[in-house]
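These entries record what I looked up in one structure. I began with strand pairing and went on to the core and the aromatic pairs.

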Amino acid sequence: LKAALLRADTSAFRTAHTISVEGNYLYINGTNPEAGTNQGTLIFDLSVDPTRPKLVGKWTGRYVHDCSVRNDTLYAAAINDGQLDIVYLGKDRKNPVQVTDIKYPGAGTHNAEATIDGRYILTSDEVGSTPKTLKVWDRTDIQNIRKTADWTPVPGEIIHNVHIKGNHAFIAWYTAGTRVVDISNPANPVQVGYFDTYPEAGEFFAGNWGTYPYLPSGKILSSDMQTGLHVFTFDGATPGRISGRVIDAVTNKPIPFARVDLTDLKIRVVTDT
């Protein structure tokens with residue numbers, strides 16, 4: 001396998017943080033100030049000649065650390081401003097318009113992706129005082145987006161990015177390696193596979209900082225800063241789930257913080273609020 005550089009062009013921007021591709025469009029995030037996007041996102045059309053992308057639009061709201069696109073909607077992670085911007089792109093991508101944003105205390109939104117049906121948004125926080133968890137948001141009412149899950153398999157370790165393929169989220173979790181999570185019920189994520197690529201544990205920036213699940217072969221790539229490139233397969237394991245409500249027999253109201261022991265499985269859980 002040989003690769004060759006076809007073309008280099010710095011006319012639109014000189015530096016950027018991340019790139020994203022969706023359909024016939026290329027999105028360049030966190031560009032240098034001189035690019036004229038307020039360090040936001042440049043949008044290029046690849047349909048005519050992918051080696052000569054045509055600049056067609058810009059999102060200039062604020063610095064964009066990373067983005068993803070689902071249909072006509074841009075999810076722009078504004079890590080420095082502690083929020084996620086949700087932007088309507090329009091059919092031609094020429095004049096993006098912000099629809100709303102998601103803000104929460106201590107946010108350091110690093111990346112975000114929407115589920116295939118577009119109802120839920122999954123976010124990751126690399127910095128800030130918020131817990132470094134996978135957060136799941138219900139965007140059924142776009143003006144009243146609600147957090148429905150706050151999940152981690154390893155409390156105290158830092159999530160980096162999340163990508164969605166079908167009913168699974170593939171997550172790079174720094175020192176906790178690669179995590180595969182079933183999101184067929186996004187409000188109740190369940191881990192169905194993992195490989196810890198980094199031998200140590202802790203809340204620091206080391207280990208796996210990128211997982212890519214979109215190869216046609218189905219193989220999964222993870223890039224660990226210390227241990228190198230890891231190539232995985234995933235057997236499609238599905239989870240078992242137990243759900244229910246613990247209620248007061250008199251008032252019929254839920255009982256918060258009730259302990260539930262599943263004795264045969266040797267599992268103990270505590271109900272939420």
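**Entry 1: strand β7 and its partners.** I looked up what faces L84 and found that L84 stands opposite I102 in β8. The model I am reading is a predicted one. I then noted the pairing behind this: β7 and β8, the latter covering residues 97-103, are antiparallel and share six bridges. I next turned to β6, residues 73-78, which also pairs with β7 in the antiparallel sense, over six bridges. Within that pairing, I recorded L74 opposite V87 of β7. The hairpin of β6 and β7 has four residues between its strands, and I noted that G82 takes a positive phi near 65° there. Finally I asked how many of the six residues of β7 are buried. The count is five, so I entered β7 (residues 83-88) as mostly covered.

**Entry 2: the nonpolar core.** I searched for the largest nonpolar core and found that 16 residues make it up. Those with the most contacts inside this core are L122, L134, A169, I171 and W173. I then listed the strands that each supply at least two residues of the core: β10 (120-125), β11 (134-138), β12 (146-151), β13 (161-165) and β14 (168-172). As background I wrote down that nonpolar side chains tend to be buried together in soluble globular proteins.

**Entry 3: V136.** I selected V136, which is found in strand β11. Is V136 buried or exposed? I entered V136 as buried because its relative accessible area is 0%, the cut-off being under 20%. I then looked up its contacts, leaving aside neighbours within four places in sequence. V136 touches Y120, I121 and L122, then R146, K147, T148 and A149, and also P186 and P189. I also checked the separation of V136 from P239: they are 103 residues apart in sequence, and their C-alpha atoms are 18 Å apart in space.

**Entry 4: aromatic pairs.** I searched the whole structure for aromatic pairs and obtained eight. One of them is formed by Y104 and W137, with 5.2 Å from centre to centre and 40° between the planes, and I entered this pair as tilted. I noted that the pair links distant parts of the chain, the two residues being 33 apart: Y104 lies in the loop between β8 and β9 (109-114), and W137 lies in strand β11. I checked the accessibility of both partners. Y104 counts as buried because its relative accessibility is 12%, and W137 is buried with a relative accessible area of 6%. I then looked up Y212 and Y214, whose ring centres are 5.4 Å apart. Their planes stand at 85°, so I entered this pair as edge-to-face. Y212 is partly exposed at a relative accessible area of 41%, and Y214 likewise counts as partly exposed, at 33%.

**Entry 5: the open sheet.** I looked up which strands form the open sheet and in what order. Three strands form it, in the order β17-β18-β19, with antiparallel pairing. The edge strands are β17 (208-212) and β19 (228-232), each pairing on one side only. I recorded an average twist of 20° from one strand to the next. Between β18 (residues 220-224) and β19, which run antiparallel, I noted five bridges. Within this pairing, I220 stands opposite F232 of β19.

Conventions. Residues are numbered from 1 along each chain as its sequence is written. This is a predicted model: local features need pLDDT of at least 70, side-chain atom pairs count only at pLDDT 80 or more; totals for chains, interfaces and linings use all residues. Side-chain values use heavy atoms; hydrogens and water are left out. A nonpolar core is a set of buried Ala, Val, Leu, Ile, Met, Phe, Trp, Tyr and Cys residues joined through side-chain atoms within 4.5 Å. Buried means under 20% relative accessible area, exposed over 50%, partly exposed in between (1.4 Å probe, protein chains only). Two strands pair if DSSP finds at least two bridges between them. Axes are lines fitted to C-alpha atoms, for helices over the stretch in contact, and angles run from 0 to 180 degrees between N-to-C directions. Rings of Phe, Tyr and Trp (its six-membered ring) pair if their centres lie within 6.5 Å; planes under 30 degrees apart count as stacked, over 60 as edge-to-face and the rest as tilted. Contact means heavy atoms within 4.5 Å.
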